[in-house]
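Okay, thanks for coming, everyone. I've got one model to walk you through today, so let's get it up on the screen.

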Amino acid sequence: MIAREFLEKLRSLDGHVRVLKLTYSQLKADIKGLKAVDYSKDRITGGKGSDISDLIVRCEAKEEEVKEAIVERLRMKAKAIELIGNVDDQVSCSILLLRYVNNRSWEVIRSYLHYAESQTYYLHRKAVREFTEVYNRSES
């Protein structure tokens, strides 16, 4: 994996974990929302019955998937923080941390650093080049 791919994967993992958490929350809410079965009514044949145990198993599987994704994200963030810490320029470090570790938008990064849009993009390209050097040294 090259340095830029590493940074983009780290950034995309945040979104992936948020989606998994949302899916898991929705599954839990769906299970809680199930009403008790009324056995006094006549049974209708021909349809497939909903088995709550199957839903619970699916929910538990999704919970494990969420946990695994969070662990992967934490490992990548720890590695990224370590590597970014080896970048000499503090502005570059700040941009990399804000963008990839903290998953902040360009607007937020500009407001933190007080730079114009074009200057922020220029400094970002510089930061990625510096990070690439550090990343390549760590991989060899």
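I'll start with the overall layout, then go through the helix pairs, and finish with a few individual residues.

First thing to keep in mind: this is a predicted model. The protein chain has 5 helices and 0 strands, so written from the N terminus the order of elements is simply α-α-α-α-α. There are 140 residues in the protein chain, and 30% of them are buried. As for how the chain comes back on itself, take the contacts between residues at least 6 apart in sequence: 74% of those join residues at least 24 apart.

Now the helix pairs. Let's begin with α1, residues 3-33, and α2, residues 52-84. Their axes sit 9 Å apart, and the packing angle is about 155°. With that angle, α1 runs roughly antiparallel to α2, because anything over 145 degrees counts that way. The crossing of α1 past α2 is left-handed. And what's in that contact? The residues split into 16 nonpolar, 2 polar and 12 charged.

Next pair: α3 and α4. Here the axes come within 10 Å, and they cross at roughly 145°. This crossing is right-handed. From the α3 side you've got Ser 94, Ile 95, Leu 98 and Arg 99, and they meet Trp 106, Ile 109, Tyr 112 and Leu 113 from α4. By type, the contact of α3 with α4 comes out as 6 nonpolar, 1 polar and 1 charged.

Let's stay on α3 for a moment and look at two neighbours in sequence. Leu 98 is in helix α3, and with a relative accessible area of 12% it's buried, since the cut-off for that is under 20%. Setting aside residues up to four places away in sequence, Leu 98 touches Asn 103, Arg 104, Ile 109 and Tyr 112. Tyr 112 is 14 residues along the chain from Leu 98, and their C-alpha atoms are separated by 9.1 Å.

Now step back to Leu 97, also placed in helix α3. Is Leu 97 buried or partly exposed? Its relative accessibility is 29%, so Leu 97 counts as partly exposed. Leaving out its neighbours within four places, Leu 97 is in contact with Ile 81, Ile 84 and Asn 102. If you want to find one of those on screen, go for Ile 81: 16 residues from Leu 97 in sequence, and 7.3 Å away in space, C-alpha to C-alpha.

Last stop, α5, which covers residues 117-139. A quick sanity check on its geometry: at 1.5 Å a residue, the 23 residues of α5 should span 33 Å, and the end C-alpha atoms are 32 Å apart, so that agrees. Which residues of α5 are buried? They're Thr 120, Leu 123, His 124, Ala 127, Val 128, Phe 131, Val 134 and Tyr 135. As for what covers them, that includes α1, α2, α3 (90-101) and α4 (106-113).

Let me zoom in on one of that set, Thr 120. With 1% relative accessibility, Thr 120 counts as buried. Not counting residues up to four places away, Thr 120 touches Ile 95, Trp 106, Ile 109, Arg 110 and Tyr 115. You may recognise some names there: Ile 95, Trp 106 and Ile 109 are also among the residues where α3 and α4 meet.

That's my tour, so over to you for discussion.

Definitions and conventions: Residues are numbered from 1 along each chain as its sequence is written. This is a predicted model: local features need pLDDT of at least 70, side-chain atom pairs count only at pLDDT 80 or more; totals for chains, interfaces and linings use all residues. Side-chain values use heavy atoms; hydrogens and water are left out. Axes are lines fitted to C-alpha atoms, for helices over the stretch in contact, and angles run from 0 to 180 degrees between N-to-C directions. Helices (H or I, at least four residues) and strands (E, at least two) are DSSP runs, numbered from the N terminus. Angles under 35 degrees count as roughly parallel, over 145 as roughly antiparallel, 65 to 115 as roughly perpendicular and the rest as oblique. A crossing is left-handed if the near helix is turned anticlockwise from the far one by less than a right angle, and right-handed if clockwise. Ala, Val, Leu, Ile, Met, Phe, Trp, Tyr, Cys and Pro count as nonpolar, Asp, Glu, Lys and Arg as charged, and the others, Gly among them, as polar. Buried means under 20% relative accessible area, exposed over 50%, partly exposed in between (1.4 Å probe, protein chains only). Contact means heavy atoms within 4.5 Å. The expected span of a helix is 1.5 Å times one less than its number of residues.
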